[in-house]
Amino acid sequence: MAAQATEMLSVDLSGQIALVTGASRGIGKAIAVALGQSGAKVACVARQREKLEEVASQIQKAGGEAGVFGCDVTNSEEVNAVVEQVANEWDGLQILVNNAGITQDTLIPRMSDEQWDSVLNTNLRGAFLFTRAASFPMMQARYGRIINITSVSGLMGNPGQSNYSASKAGMIGFTRTVARELGSRKITVNAIAPGFIETEMTAALGPALQEEVKKRVPAKRLGQTDEVANAVLFLASKSAGYVNGHVLTIDGGMTA
Ligand code: NAP
């Protein structure tokens, strides 16, 4: 059955600069496009520049503004350089979405040091590096919206994902702490915890496992990337100024 198109939230982000990590595909791409369609100028960040160019051109063809920044989120020099370039040349940074993430699943007895480190480094250290770098222009402007894409795995745990769950639970603690640190400067820091969303990441599960997942979800379907993007639009908007340190699940009721 073809997925139904999601009605997008209408928010006005014109004049604002947004940076989305992991914008080359999946959830990050949907977030970047939604922010661009809402009037923000979007810095699209990931390692694969060619894929980012496609996303930026989609935003531009729809009348929006976007730029491409090739960057490995685990590399602090690259992260600092991207944030400095965006904040200086585009004149500020109001919205940061820490979305880049990977899985490397295996049960704990077989979990290698490399599998542990690469998942923690991409998912948690990446969010830390971008948030630290973005905190300077946001504190200076006394305004900001930071949105961290965590996962229901960080809330519930998931067999085979000790590294991933630890990274996503870490992002939740990180979100709540930075929300407390920056709240007085009109900077909000929130997290979104998606359940199973249709992307390349969940396509890797294969059809049989996907059917099993659907049985566990009260909505009896996987989520759409635009359903996550809509939540980002709300949290990124000026209307959400009193929402801070919150973890919003978007999981069809799986963790209810
Ligand atoms: P995806 O399709 O695999 O996309 C991951 C994105 O992260 C890509 O744009 C990738 O771009 C980027 N990325 C990975 N490592 C990177 C690095 N070292 N530096 C820069 N960019 C990097 O994943 P997705 O399903 O859209 O997931 C997006 C986020 O949502 C992740 O944080 C994921 O954990 C979370 N999430 C997803 C689901 C789901 O069901 N899909 C559920 C809960 C949470 P490059 O390869 O070009 O670098």
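Below are three exercises with solutions on this predicted model.

**Exercise 1. The contacts of the ligand**

State which residues come nearest to the ligand, and list its polar contacts with R25, R47 and Q48.

Solution.
1. The ligand is surrounded by 29 residues, of which S24, R47, N99, Y164 and T199 come nearest.
2. A polar contact needs two N or O atoms within 3.5 Å.
3. For R47, a polar side-chain atom is 2.7 Å from an oxygen atom of the ligand.
4. For R25, an N or O atom of the side chain is 3.3 Å from a ligand oxygen atom.
5. Q48 uses its backbone instead: an N or O atom there lies 3.0 Å from an oxygen atom of the ligand.
6. The ligand taken alone exposes 880 Å², and the protein buries 97% of that.

**Exercise 2. The site of the ligand**

Describe the space that the ligand takes and the shell around the ligand.

Solution.
1. The ligand takes the space of the largest pocket.
2. Two or more residues of the shell come from each of α1 (26-37), α6 (162-182) and α7 (200-203).
3. Sorted by class, the shell holds 13 nonpolar, 12 polar and 4 charged residues.

**Exercise 3. The aromatic pair**

Find how many aromatic pairs the whole structure has, and classify the pair of F69 and W90.

Solution.
1. Searching the whole structure gives 1 aromatic pair.
2. F69 and W90 form this pair, with 5.6 Å from centre to centre and 65° between the planes.
3. An angle over 60 degrees counts as edge-to-face, and the pair is edge-to-face.
4. F69 belongs to strand β3 (residues 65-70) and W90 to the loop between α3 (76-89) and β4 (95-98), so the pair ties together parts 21 residues apart in sequence.

Conventions: Residues are numbered from 1 along each chain as its sequence is written. This is a predicted model: local features need pLDDT of at least 70, side-chain atom pairs count only at pLDDT 80 or more; totals for chains, interfaces and linings use all residues. Side-chain values use heavy atoms; hydrogens and water are left out. A residue is near a molecule or strand if one of its heavy atoms lies within 4 Å of it. A polar contact is a pair of N or O atoms within 3.5 Å; within protein, one must be able to donate a hydrogen and the other to accept it, and residues adjacent in sequence count only if both atoms are side-chain atoms. Accessible areas come from the Shrake-Rupley method with a 1.4 Å probe; for residues, only the protein chains shown count as cover. On a 1 Å grid over the protein atoms alone, a cavity is a set of points where a 1.4 Å probe fits but cannot get out, and a pocket is an open set with protein on both sides within 12 Å along at least five of seven lines; lining residues have an atom within 4 Å of a point. A molecule sits in a cavity or pocket if more than half of its atoms lie within 2 Å of its grid points. Helices (H or I, at least four residues) and strands (E, at least two) are DSSP runs, numbered from the N terminus. Ala, Val, Leu, Ile, Met, Phe, Trp, Tyr, Cys and Pro count as nonpolar, Asp, Glu, Lys and Arg as charged, and the others, Gly among them, as polar. Rings of Phe, Tyr and Trp (its six-membered ring) pair if their centres lie within 6.5 Å; planes under 30 degrees apart count as stacked, over 60 as edge-to-face and the rest as tilted.
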